[in-house]
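Trainee: I am new to this structure and would like a close look at a single part of it, namely the loops and their backbone geometry. Could you take me through that part slowly, in one connected answer?

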Amino acid sequence: MSSDSSSSSSFGDEFTELNPNSDPKPVDERFGMLTLTEPAELEPNVRENGDGNTNESVNREGIETGDVDDNQLQVENQEIFGDEGPSSPSSSGYAGERGSSSATSASGIDETSEINDNEIQELRNEEISDSQASSWVPGKRHVDEDDASISWRKRKKHFFILSNSGKPIYSRYGDEHKLAGFSATLQAIISYVENGGDHVKLVKAGKHQVVFLVKGPIYLVCISCTEEPFESLKGQLELIYGQMILILTKSINRCFEKNPKFDMTPLLGGTDVVFYSLIHSFSWNPATFLHAYTCLPLAYATRQAAGAILQDVADSGVLFAILMCKHKVISLVGAQKASLHPDDMLLLSNFVMSSESFRTSESFSPICLPRYNPMAFLYAYVHFLDVDTYLMLLTTSSDAFHHLKDCRIRIEMVLLKSNVLSEVQRSMIDGGMRVEDLPVDPLPRPGSSPHVGLGQQRLSTDSLERPGEPFTGIGGPAGLWHFIYRSIYLDQYVSSEFSPPLNSPQQQKRLYRAYQRLYASMHDKEIGPHKTQFRRDENYALLCWVTQDFELYVAFDPLADKALAIKTCNRVCQWVKDVENEIFLQGATPFSW
């Protein structure tokens, strides 16, 4: 048993809201003095703590600590190989790892071989990246399985929701009714530890992690051998619980107070697709671990036009007005003193995007925002303006359907008249920031040409392509493959488009897992938090830089030169600053309303 520290992203029993910086600085000032420099070579890999004992566990993770100024990045000359190597065949199933990583048998090996091809096929069919999400078919898989099925035991990642009486509520794989005995076993483990005056959070068995999350009468469990950090898995359970609260509200606890054997499964009927879509997003959506939202790249004037009409609607009694394209925000506004957490936006957009009923007609549905008020319903008017773009108007009134419909008509007329919807479609085709487009010399010089936006910057590249031919990248300078930039003050992030060699779903998913581990180690409360980290393995050279204003996660070719990588990170930060009005929603952070 382990009592690991709680994630900073946890919902918490009180669902407390985060506060903005008391004195936010303008973007130009925040970037003004930030420069990454080549670090001095440091000595050994093994350090000593204050007691004179070597701290090997820290060095194995490649975490860099010390008193480092926010305005200067210093990275130790420490490179770790094999940190993300392929797992052994037996790591994908329970047969050979029940309580011991060395427990193997001939039959276990045969079972692994028998199921391996099915697992590979499953990865190809189900775990698709953001760029290929349109081909992913939502819905629950393998409903005929139970805990006696070999294939069920070979699944690499399970999620379960059950009640404190042991009744199954949801399972990622298999039929919940067939898993009643397994759910009872999980409940017995939790109860046994609680009866001893403790709380179970994590159980490790070989390469498997069993993560527990107790939310009153609701128990959530994840069983995983994906080598994701504990905090990442716990955060995913928090999001699954939040998705359930969005559908039912936290008032469901009262039903269990009246009847401990209450069966809430019928209340979640038809929502399997919602949970499955959320779990699928853990493999491709950085918002699930960054706890920030991303915006669709648009010209500043276009986004302002969309925001102006949404603000007019919000002033007429709408609590939140959100215009989105898939999972990306076009514009959002809120009533005075109303705050919308990025996790609520993630759960709300997942609920809308995964429910086919919202696409067929305008809808008016009760929903709960866990971070806003977990005990009460709001009412959401949802209407798709085209196949990917949709409008959400949230109110506290259950009788506001006709008013919100009139608001939607006004909004749609303005968006069409100002060509916002056509610009949205153009942005979807053009894509976002590409590492191939990183400016050679982003720093302005006397007499230089004015700022060039994303669309203009890509004209020279696109003009060489045949019309209608999809863009194929070749990677950026100094071996730059990919980056994620998160603005801490805005609670927004921008992620570069994928390009070769990160052109397969498996490679993209592996990178996201690497980012997850990097994020968890940078924010580890026991040995951190940290400001810089550089690690190298057989797949990537990863560099992370965290300041009070932003976080930068960058992936390079594993053979990339570290000094050039640091210079490239400076260029990426400057590039983000140059196009910030197009990639971020300025002046409308949810925590500043």
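Mentor: Let us begin with a definition: a residue is called buried under 20% relative accessible area, exposed over 50%, and partly exposed in between. Please keep in mind that this is a predicted model.

With that cut-off in hand, turn to Asn 419, which is found in the loop between helix H13 (401-417) and helix H14 (420-430). Its relative accessibility is 46%, and therefore Asn 419 counts as partly exposed. The backbone deserves attention here, since phi of Asn 419 is near 60 degrees, a positive value in a residue other than glycine.

A second loop, the one between strand S9 (320-325) and strand S10 (328-334), holds Lys 326. Although Lys 326 is not a glycine, its phi is positive, at about 55 degrees. Because its relative accessibility is 26%, Lys 326 counts as partly exposed.

From phi we pass to omega, and to a third loop, which runs between strand S15 (492-495) and helix H17 (505-522) and contains Pro 501. The peptide bond that joins Pro 500 and Pro 501 is cis, with omega at about 10 degrees.

To retrace the path, the loop between H13 and H14 has Asn 419, the loop between S9 and S10 has Lys 326, and the loop between S15 and H17 has Pro 501; looking at each of these residues in the displayed model should help you to place the backbone angles.

Note on methods
Residues are numbered from 1 along each chain as its sequence is written. This is a predicted model: local features need pLDDT of at least 70, side-chain atom pairs count only at pLDDT 80 or more; totals for chains, interfaces and linings use all residues. Side-chain values use heavy atoms; hydrogens and water are left out. Helices (H or I, at least four residues) and strands (E, at least two) are DSSP runs, numbered from the N terminus. Buried means under 20% relative accessible area, exposed over 50%, partly exposed in between (1.4 Å probe, protein chains only).
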